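Reader: I am new to this structure. Could you take me through it in short steps?

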Amino acid sequence: MNSYKLISFKTLGDERGSLIALEADYNAPFHIQRVYYIFDTKNGVVRGSHAHIDLKQIAIAVKGSCVFVLDDGITKEEILLDNPNKGLFIEGLIWRDMKNFSEDCVLLVVANKHYDETDYIRDYNKFLQKVKNV
Ligand code: TYD
């Protein structure tokens, strides 16, 4: 399935501050196998620019903000991540660019698979071809 959606995480806050827990197969709808984070992104940089053949991910701006541009091969949508309680779940063949990183942005990503370069489509025309053939 090629889809994406925003997930709202419950914040466990008290007078000391806030905490959010991600749990596999609970508020993260897959078994988490990998966690990575993107930080110190330079001004004006666009990251991503790829699709995955078969990967589930959730991206969360745990600090600062950035914009995801999501493209299913037909329509493009921009989604602002600007709150640690907002998770962007992406599944399947969706082309993504990330842009407008704030200077302090820390973008946390959890994924259901280990890093595998063979799962990447980094050529936009190949992506369009693949979308048409699915
Ligand atoms: P890249 O795919 O360019 O990052 P982005 O799509 O966020 O712009 O990844 C940068 C480098 O890091 C590239 O050499 C691949 C490597 N990498 C890993 O080794 N493991 C990972 O989990 C990820 C996401 C990337």
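The questions below go through the strands, the cores, the open spaces and a few single residues.

Reader: What kind of model is this?

Author: One point comes before the rest. Local features are taken up where pLDDT is at least 70. The model is predicted.

Reader: In what order do the 5 strands of the open sheet run?

Author: The pairing in this open sheet is antiparallel. Its edge strands are β6 and β10, and each of them pairs on one side only. The order is β6-β5-β8-β3-β10.

Reader: How many bridges join β3 to β8?

Author: These two strands run antiparallel. One pair to look at is H50 with its bridge partner in β8, R96. The number of bridges joining β3 to β8 is 3.

Reader: Which residue stands opposite H52 in β10?

Author: Strand β10 covers residues 120–121. It pairs with β3 in the antiparallel sense, over 2 bridges. A51 stands opposite I121 there. The residue opposite H52 is Y120.

Reader: Which residue of β9 stands opposite Y37?

Author: Look at β2 and β9. They run antiparallel, joined by 6 bridges. Opposite Y37 stands L108.

Reader: And which residue of β9 stands opposite A61?

Author: Now take β4 and β9. These strands also run antiparallel, and 6 bridges join them. Opposite A61 stands L107.

Reader: Which element gives the largest share of the largest nonpolar core?

Author: In soluble globular proteins, nonpolar side chains tend to be buried together. Here the largest nonpolar core holds 16 residues, and F68, L70, L81, L88, F101 and L107 touch the most other members. Two or more residues come from each of β4, β5 (66–71), β6 (76–81), β7 and β9 (106–111). The largest share, 3 residues, comes from β5.

Reader: How many residues are in the other core?

Author: This core lies apart from the largest one. Among its members are A28, F30, I58 and V110. Its residue count is 8.

Reader: What does F101 touch, not counting residues up to four places away in sequence?

Author: F101 is one of the residues that touch the most other members of the largest nonpolar core. Its contacts farther along the sequence include polar and charged residues as well as nonpolar ones. The list is I38, T41, V45, R47, S65, C66 and L107.

Reader: Which strand gives the most to the lining of the largest pocket?

Author: The largest pocket has a volume of about 200 Å³. It is lined by 14 residues, and the closest to its centre are Y36, I38, G48, H50 and M98. At least two lining residues come from each of β2 (34–39), β3 (47–52), β4 (56–63), β7 (86–91) and β8 (95–99). The strand that gives the most, with 3 residues, is β3.

Reader: How many residues of this pocket lining are nonpolar?

Author: The lining of the largest pocket is mixed in character. It has 3 polar and 2 charged residues. The nonpolar residues number 9.

Reader: Which residues line the largest cavity?

Author: A search of the whole structure finds 1 cavity of 30 Å³ or more. About 30 Å³ of space lies in the largest cavity. Its lining divides into 3 nonpolar, 2 polar and 3 charged residues. They are R34, H52, L55, H114, Y115, D116, D119 and Y120.

Reader: Is N100 buried or exposed?

Author: N100 sits in the loop between β8 and β9. Leaving aside neighbours within four places in sequence, it is in contact with S65, C66 and V67. The cut-off for exposed is over 50% relative accessible area. At 52%, N100 therefore counts as exposed.

Reader: How far apart are the C-alpha atoms of N100 and L80?

Author: Along the chain, these two are 20 residues apart. In space, their C-alpha atoms are separated by 9.2 Å.

Reader: What is the phi of S49?

Author: Most residues other than glycine have a negative phi. S49 is found in strand β3. At 29% relative accessibility, S49 counts as partly exposed. It is not a glycine, yet its phi is positive, at about 55°.

Reader: Where does D40 lie?

Author: D40 is a residue other than glycine with a positive phi, near 60°. Its place is in the loop between β2 and β3.

How values were computed. Residues numbered from 1 in each chain as written. Predicted model: local features only at pLDDT ≥ 70, side-chain atom pairs only at ≥ 80, totals over all residues. Heavy atoms only, no water. 1 Å grid on protein atoms, 1.4 Å probe; cavity = no way out; pocket = protein on both sides within 12 Å on 5 of 7 lines; lining within 4 Å. Points joined across faces, edges and corners; volume = space filled by probe spheres on them. Helix = DSSP H or I, 4+ residues; strand = E, 2+ residues; numbered from the N terminus. Pairing = 2+ DSSP bridges. Core = buried A, V, L, I, M, F, W, Y, C linked by side-chain atoms within 4.5 Å. Buried < 20%, exposed > 50% of the residue type's maximum accessible area, 1.4 Å probe, protein only. Contact = heavy atoms within 4.5 Å.
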